[in-house]
Amino acid sequence: MTVGEMTVSLEDVAYLLGLPIDGEPVIGVTYTTCDSICVKYLGRSPDSGYTSGGMVKLSWLKETFSECSENASIEEVECNTRAYLLYLIGSTIFSTTTGNKVPVMYLPLFENFDVAGKYAWGAAALSFLYRALGNAAIRSQSTISGCLTLLQCWSYYHLNVGRPKLHHDPIHECFPFVLRWKGKHSGPTSNRDVAFYRKALDCLKPTDVDWCPYANISHTVIPENILNQLILGRSKTMLICFDKAERHLPDRCLRQFGMHQTIPEEVHMWERKTRGVDGGVNLSGKLEAELNEWANRRFHVVEAEEDLDEGEYMNWYFRITRRVVGRPVSIAAEFERLNAALRDIAHIADTLLTHGMDEQQIQSVTRIRYKAHECLRDQIGSSITVNVENSENDVGKRIRGKERVRRRSVSKRRRKDDDPDEYYALTSCTNNNNNNAQSHLYSPAVADDVDGGQLYHVENEVVLPPQHLCLDVNDVAKDCEEADVDQLSHGSEESPGGPHAAHSSLENTEDVTCQTDNTIAA
């Protein structure tokens, strides 16, 4: 973002969720099956349709343990309580990408309810969210997990982007502070799409950021045990939730703690561990270094530095970051760039002499030439399909020009499909005859920019340097207009079907247009 680095910190977790950010790390033994662990801690095991590896469906927990009779035994009450707690964390702080399952590895943590309250559940929730956000940033990932309520309410408190209107007086606060946004809200941005929010974040101004939103909120409603842990909100430590160990770096967002921001220290790399597929593995042995760092969390609390100029930090930040999250280049610009590159490749392939090349190299050049012209034909056809919608008079001209190009390319393609070897041999022979009649290696338009040494081979094919892909795409429109004028001057070449034939041609080119748009978007 343009204002500097921000993140969800341990302090935010304590204020918003009211979960402890200090205590024993949330870690234990992994499981790949559910039967034995469920029988031990829940008193029964789910059917095979409710399990998947070491996870159980939330629906089974709700259907089986939603009611507890008044005369139930202590053991039954404890089993129902564990089922409720597993359902609670599986649908809130540790929600998975499946949306309906929760790992049973958390059950042993609820064996003793007094001990269960001593775990650092808030730190584990933040570690889980950090890992989920990192995974969601991967291009191939289409889902997100973790405590999204925490992320959403953090944004409401810190950023004036998409913030809903409150239906009650915020003076009457209750804890945890996430309850401030409870209920259905309405606002001018309640129905905006992702493009709106990307643009809003890119245009964010310093006045749109509330770095310390909890400063003016009464702390009298905060429990004493949470108040005593707030100092760890500035601890530079390791957050742990089973195999998910993530760094907490408050030195990169000091303004969220009312401090001046300095250039942070370099983040040391560490190896992210995974649970793997083996059951019965205690992760404490695999995360020894991370556990030691968490044990020393109170010795690494970031302190404030006075009288610092944040200009040096901002200069550093702008050098190392990407300032915008939206698309930096429009789809139209990408289309023009691709079209220009195709025309440049086709031009070079058309003017390249094959004298001195062997048969395999000649065939490679021929394939490049054929593919480039085929793509150009589809690109031009797509643009014609779009332009004909603007005027009925343009429809006939554009369709006739497209059909003319199509007829030429179809006859060429038929020769290639019928006998590819004969097609390449005939093309190579023609090129050699033309090359012998020419006294230069390249046409004047290319000779100044490309030389023979700039051709190189990748998997036995000739590849051209990408820096020469820079022809003007306006030539495409000019060539089409010339074809249209020539077409209109010959009545014998009119489309026999008139407007109906033009309409049919438009339908035939619809698939080509969709294919081109999908290629550019990818």
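This is a short walk through the model, one selection at a time.

Before you start clicking, know that this is a predicted model, in which local features need pLDDT of at least 70, side-chain atom pairs count only at pLDDT 80 or more, and totals for chains, interfaces and linings use all residues. Residues are numbered from 1 along each chain as its sequence is written, and side-chain values use heavy atoms, with hydrogens and water left out.

**Stop 1: a hairpin**

Select residues 237-241, strand β4, and 244-248, strand β5. Helices (H or I, at least four residues) and strands (E, at least two) are DSSP runs, numbered from the N terminus. The two strands run antiparallel and are joined by 5 bridges; strands count as paired if DSSP finds at least two bridges between them. Together β4 and β5 make a hairpin, with 2 residues between them.

Now colour β5 by burial. Buried means under 20% relative accessible area, exposed over 50%, and partly exposed in between (1.4 Å probe, protein chains only). The areas themselves come from the Shrake-Rupley method with a 1.4 Å probe, and for residues only the protein chains shown count as cover. In β5, 4 of the 5 residues are buried.

Next, click F242, in the loop between β4 and β5. Its phi is near 55°, a positive value in a residue other than glycine. Most residues other than glycine have a negative phi, and most peptide bonds are trans. F242 counts as buried because its relative accessibility is 0%.

**Stop 2: from the hairpin to helix α6**

Stay on β5 and pick E246, which stands opposite L239. Which side chain does E246 meet in a salt bridge? That partner is R131, at 2.5 Å from N to O. A salt bridge here is a side-chain nitrogen of Lys or Arg within 4 Å of a carboxyl oxygen of Asp or Glu. The pair links distant parts of the chain, with E246 in strand β5 and R131 in helix α6, 115 residues apart. E246 is buried, with a relative accessible area of 5%, and R131 is buried too, at 10%.

While you are on α6 (residues 121-136), find L133. L133 has 32% relative accessibility, so it counts as partly exposed. Add I144 and L148 to the selection: with L133 they form a nonpolar patch on the surface, with about 210 Å² of accessible area together. Patches are made of residues with over 30% relative accessible area and no salt bridge, joining like charges within 9 Å and nonpolar side chains (Val, Leu, Ile, Met, Phe, Trp, Tyr) within 5 Å.

**Stop 3: aromatic rings**

Show the aromatic side chains; the structure holds 18 aromatic pairs. Rings of Phe, Tyr and Trp (its six-membered ring) pair if their centres lie within 6.5 Å; planes under 30 degrees apart count as stacked, over 60 as edge-to-face and the rest as tilted.

Try F94 and W121: the ring centres are 6.3 Å apart and the planes are at 45°, so this pair is tilted. F94 lies in the loop between α4 (74-91) and β3 (101-103) and W121 in helix α6, so the pair ties together parts that are 27 residues apart in sequence. F94 is buried at 0% relative accessibility, and W121 is buried at 9%.

Then jump to Y157 and W181, whose ring centres are 5.7 Å apart with planes at 85°, so they are edge-to-face. Y157 sits in helix α7 (residues 148-158) and W181 in the loop between α7 and α8 (194-202), 24 residues apart. Both are buried. Widen the selection to Y15, Y156, Y157, F175, F177, W181 and Y214, which form one aromatic cluster.

From F175, step to P176: the peptide bond between them is cis, with omega near 0°. P176 is in the loop between α7 and α8.

**Stop 4: a few more charges**

By the salt-bridge rule the count comes to 15. One of them joins R252 and E5 at 3.0 Å, N to O. R252 is in the loop between β5 and α10 (288-295), and E5 is in the segment before α1 (10-17), 247 residues apart.

For another, select E78 and R82, at 3.7 Å. These two are 4 residues apart in helix α4, so about one helical turn separates them. Next, select D22, R297 and R298, which are linked in a network of salt bridges.

Finish on R323: its charged end sits over the ring of F318, 3.9 Å from the centre. That label applies if NZ of Lys or CZ of Arg is within 6 Å of the ring centre and within 35 degrees of the ring normal.
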